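Open the model in your viewer and set it to show side chains as well as the backbone trace. The tour goes from one selection to the next.

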Amino acid sequence: MITVTVFRDGEAPVGVHVTGHAGCGAYGEDLVCAAVSAVVQTAILGITDVLNLNAGVSIEEGDTTCILDRDTSESELKQARIVFETMETGLRSIQASYPKTLKFRSKEV
C-alpha cells in the first residue's frame, strides 16, 4: 500500500511524503505506482521548477518527500497550495479507481 502524508500548516498544504508500493503488478510494471509517481513528481516539478520555490526534496525508490522551506512567503504559499491540492485531487482519483492501494494522512507541521 502507498501512504500519502500531506504536511499542513493550519489548512495550507506545505509538503508531502509518499512511501510504499501499490502491489498491483511486477516491479517496473505496476501501473498504480507509475501513476502515483507521475502525479507526485509532476507536482514537485511545479513547486521547484515552475514556481521556483525553495523546498527540501528527496526522491528514492518507494519514498518521496517534498516540503516547502519555512521562509516561504504568503503569496508563494497560495501558489504552492494550488499545486499541492491539484496533486492530492489526482491521487484521490487514482485511489477511487484502486481503493486498496492508497491511504491518506494529514500531519500538522
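The stops below cover strands, core, single residues and pockets in what is a predicted model.

**Strand β4 and its partners**

Start by selecting β4, residues 63–68. Its side chains alternate: T64, C66 and L68 are buried and point to one face, while D63, T65 and I67 point to the other face and are not buried.

Add β3, residues 55–60. β3 and β4 run antiparallel and are joined by six bridges. Across this pair, E60 stands opposite D63. The two strands form a hairpin with two residues between them. Pick G62 in the turn and check its phi, which is positive at about 75 degrees.

Now add β2, residues 12–20. This strand also runs antiparallel to β4, and five bridges join the two. One place to look is H17, whose bridge partner in β4 is T65.

**The nonpolar core**

Which residues touch the most other members of the largest nonpolar core? Select V4, V36, L91 and L102; they hold that position in a core of 27 residues. Two or more core residues come from each of β1 (2–9), β2, α1, β4, α2 (74–97) and β5 (102–108). In soluble globular proteins, nonpolar side chains tend to be buried together.

Centre the view on L102. Apart from residues up to four places away in sequence, L102 touches M1, I2, V4, V32, V36, L91, I94 and Q95.

Move to V40 in helix α1. Its relative accessible area is 3%, so V40 counts as buried, the cut-off being under 20%. Beyond its neighbours within four places in sequence, V40 is in contact with V18, T64, M87 and L91. For T64, the C-alpha atoms of the two residues are separated by 8.3 Å, although they are 24 residues apart along the chain.

**Two residues to compare**

Select E88 in helix α2. Is E88 buried or exposed? With a relative accessible area of 13%, E88 is buried. Its contacts, not counting residues up to four places away in sequence, are V6, R8 and F104.

Then select G23, in the loop between β2 and α1. G23 has a relative accessible area of 64% and is therefore exposed, a class that begins over 50%. Draw a distance from G23 to I2: they are 21 residues apart in sequence, and their C-alpha atoms are 8.9 Å apart in space.

**The pockets**

Turn to the largest pocket, which holds about 430 Å³ of space. To find its centre, select H21, C33, S37, E61 and G62, the nearest to it of the 25 lining residues. G62 is the turn residue from the β3–β4 hairpin. At least two lining residues are supplied by each of β2, α1, β3 and β4. Helix α1, residues 31–50, gives the largest share, seven residues. Colour the lining by class to see ten nonpolar, ten polar and five charged residues.

Finish at the second largest pocket, with a volume of about 170 Å³. Its lining consists of D9, V14, I67, L68, D69, R70, T72, L77 and V109. By class, these are five nonpolar, one polar and three charged residues. Two of the residues, I67 and L68, return you to β4, where I67 and L68 point to opposite faces.

Methods: Residues numbered from 1 in each chain as written. Predicted model: local features only at pLDDT ≥ 70, side-chain atom pairs only at ≥ 80, totals over all residues. Heavy atoms only, no water. 1 Å grid on protein atoms, 1.4 Å probe; cavity = no way out; pocket = protein on both sides within 12 Å on 5 of 7 lines; lining within 4 Å. Points joined across faces, edges and corners; volume = space filled by probe spheres on them. Helix = DSSP H or I, 4+ residues; strand = E, 2+ residues; numbered from the N terminus. Nonpolar A, V, L, I, M, F, W, Y, C, P; charged D, E, K, R; others polar. Buried < 20%, exposed > 50% of the residue type's maximum accessible area, 1.4 Å probe, protein only. Pairing = 2+ DSSP bridges. Core = buried A, V, L, I, M, F, W, Y, C linked by side-chain atoms within 4.5 Å. Contact = heavy atoms within 4.5 Å.
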